[in-house]
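Hi,

Here is the structure I promised to pass on. Have a look at it first, and then read on for what turned up.

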Amino acid sequence: MALGDLMASRLSQSSAALDEFGNHHEDEAERSSNNVRDLDTTATASSSSSYVVGGGGGVVGGDNNAMTTTTSMAYLPQTIVLCELRHDGFEDCVPSGPSDTGLVSKWRPRDRMKTGCVALVLCLNISVDPPDVIKISPCARMECWVDPFSMAPQKALETIGRTLNQQYERWQPRAKYKISLDPTVDEVKKLCTTCRKYAKSERVLFHYNGHGVPKPTANGEIWLFNKSYTQYIPLPISDLDSWLKTPSIYVFDCSAAGMIVNAFIELQDWTASGSSGTSARDCILLAACEAHETLPQSAEFPADVFTSCLTTPIKMALRWFCTRSLLRESLDYSLIDRIPGRQTDRKTLLGELNWIFTAVTDTIAWNVLPHELFQRLFRQDLLVASLFRNFLLAERIMRSANCSPVSYPMLPPTHQHHMWDAWDMAAEICLSQLPILVEDPNAEFQPSPFFTEQLTAFEVWLDHGSKDKKPPEQLPIVLQVLLSQCHRFRALVLLGRFLDMGPWAVDLALSVGIFPYVLKLLQTTTPELRQILVFIWTKILALDK
């Protein structure tokens, strides 16, 4: 039996398809990590040999025509690979020690996390402005895309809370959600302790909207209410931290939110000086602006522009982009709310936009962040990864209004990264079709050339790149392309060429998160894919000792 047949047969019991795998879903990744143990014995034996015979080498080294044609296995060139001079030193370059040392430790996820409970605290006090806020006219009003002055204050508050809950559920439907509207300190304390008790060792998300209360104090205190709503009551961040404990993630949508981040960092430094400091590594903060800044009040934005970027990124990105696009004169902005399709269906307009947005933000993050930080923020927790992708959008949009979102851990500036130009181009191409698609439900959607062009850019890098040059920035996009059947074969061929450049290339691919995708694809019965997949798999196993 051929190596590819043997490996495929060992995985034949699993019926899940790659298209159902989703973007970095924890449950699938856990199952993948269990499946790999069954493959180790078989595939390691093959990787220890000096060559692999089959069509894989021919495909990797073949021309572009081979990518678009269906070829029978009988006609694939029987090329011997892994026998060039550079392969002789491969064993010496790869660490042979335990899995927690060397190259492998940089990409292997150690502490996969899940956000188990979400606390939503809204301090809006609708129709009563805080004493330290002077609003312009016209002023931003929308909260969660709801006009709070279009209905009775209490009904508006409940509607906004319910809508925010639904927006978060799109990113983490399995979490437990609890809402607290215009609460007192005691109510928030009860909310936090309940969430921690429910979540146990899982992460808790605390979302705070403080648009109806004063700015945080210099000591990092946020404001709540007394029972009769006659006074604002401060809540120190230290108390909040002691109730929620770790692991946790905080979202602060209010003016001068950087005050809270600064106070939290001081608290973590003080805690670390008297203990092991492990809690600092398990706390994440996202804040709407720096300590000296006020949230944008322009009617161009919703009042909760930061929350809108985090929870409804496609809608927020398109509304902002349309005001700057050549389409601004011809496109009806209300059509953005009627984009056909579902975010999870990549064959629809909305799904493709979401897919491209994920690829762009992942690419920006992977290229500007240290790989360990990228793994922690974009590969460890599904909800945290989604929030940080959307945080990059928030930085881009809010900086155009002279407002700078901040985070802990701190991220380098990304608002001027050139990949945003690729997103703008893809968004414009998709939006140009929107009027026709809305008017005629039977109209055929034309996919964006974004992924084809990015694969071509990756191919150009392969023709001229090397270990001593800047890594190919398209690697995260190659990972996303593996989800698409129409691009999958070409992406695998290019990935195989890249991995064949040496162990450094394998390590880079693993740092992006390619492992569970390749593991899932090993179940395929398509002959053309199996050949190149075995080649890629042996490269991974040769590195991962």
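Which strands does H16 lie across? Helix H16 lies across S3, S5, strand S8 (248-253), strand S9 (283-287) and S10, and it runs at about 30° to S9. Keep in mind throughout that this is a predicted model.

**The overall picture**

The protein chain has 24 helices and 10 strands. Of its 545 residues, 57% count as buried. If you take the contacts with a separation of 6 or more, 76% of them come from residues 24 or more positions apart.

**The open sheet**

Those strands under H16 belong to an open sheet of 6 strands, in the order S4-S3-S5-S8-S9-S10, with mixed pairing. At the edges you'll find strand S4 (176-181) and strand S10 (406-408), each of which pairs on one side only. On average, neighbouring strands of this sheet are turned by 10° against each other, direction ignored. As a reminder, strands of a sheet pair through backbone hydrogen bonds, either parallel or antiparallel.

Strand S3 (residues 115-122) pairs with S4 in the parallel sense, over 6 bridges. If you want a spot to zoom in on, leucine 120 stands opposite isoleucine 179 in S4. Helix H8 (residues 185-199) also meets this sheet: it lies across S3, S4 and strand S5 (203-209), running at about 170° to S3.

**The hairpin**

Then there is the hairpin of S6 and S7. Strand S6 (residues 221-225) and strand S7 (residues 232-236) run antiparallel and are joined by 5 bridges. One place to see the pairing is phenylalanine 225, whose bridge partner in S7 is tyrosine 232. The hairpin has 6 residues between the strands, and tyrosine 229 takes a positive phi near 60° there. S6 is mostly covered, with 4 of its 5 residues buried.

**A helix on the inside**

Is H13 enclosed or open? It is largely enclosed by the rest of the structure, because 8 of its 10 residues are buried. The buried ones are Pro313, Ile314, Met316, Ala317, Leu318, Trp320, Phe321 and Cys322. They pack against helix H12 (305-311), H14, H16 and helix H17 (419-432), so H16 turns up here as well as on the sheet.

**Two loops to look at**

Going on from H13, proline 340 lies in the loop between helix H13 (313-322) and helix H14 (349-368). Proline 340 has a relative accessible area of 28%, so it is partly exposed. Leaving aside its neighbours within four places in sequence, proline 340 is in contact with Thr348, Leu349, Leu350, Leu434, Leu437 and Val438. From proline 340 to glycine 351 you go 11 residues along the sequence and 8.9 Å in space, C-alpha to C-alpha.

Arginine 379 is in another loop, the one between helix H15 (371-378) and helix H16 (382-399). Buried or exposed? Arginine 379 has a relative accessible area of 7%, so it is buried. A polar atom of its side chain lies 2.8 Å from the backbone oxygen of valine 512.

**Aromatic rings**

How many aromatic pairs does the structure hold? There are 18. One of them is phenylalanine 374 with phenylalanine 378, a stacked pair at 5.3 Å centre to centre and 10° between the planes. Both of these phenylalanines lie in helix H15, 4 residues apart, which is about one turn of the helix. An α-helix has 3.6 residues a turn, so residues three or four places apart point the same way. Phenylalanine 374 and phenylalanine 378 are both buried.

Phenylalanine 450 and phenylalanine 451 are arranged another way: their ring centres are 5.0 Å apart and their planes stand at 85°, so this pair is edge-to-face. Phenylalanine 450 is buried at 3% relative accessibility, and phenylalanine 451 is buried at 2%.

There is also an aromatic cluster, formed by Phe206, Tyr208, Tyr250, Phe252, Phe264 and Tyr408. Last on the tour is tryptophan 355: arginine 346 lies over the face of its ring, at 5.5 Å from the ring centre.

Over to you, and enjoy looking around.

Best wishes

Notes
Residues numbered from 1 in each chain as written. Predicted model: local features only at pLDDT ≥ 70, side-chain atom pairs only at ≥ 80, totals over all residues. Heavy atoms only, no water. Buried < 20%, exposed > 50% of the residue type's maximum accessible area, 1.4 Å probe, protein only. Contact = heavy atoms within 4.5 Å. Polar contact = N/O pair within 3.5 Å; in protein donor to acceptor, adjacent residues only side chain to side chain. Phe/Tyr/Trp six-rings, centres within 6.5 Å; stacked < 30°, edge-to-face > 60°. Lys NZ or Arg CZ within 6 Å of the ring centre and 35° of its normal. Pairing = 2+ DSSP bridges. Axes fitted to C-alpha atoms, helices over the stretch in contact; angles between N-to-C directions.
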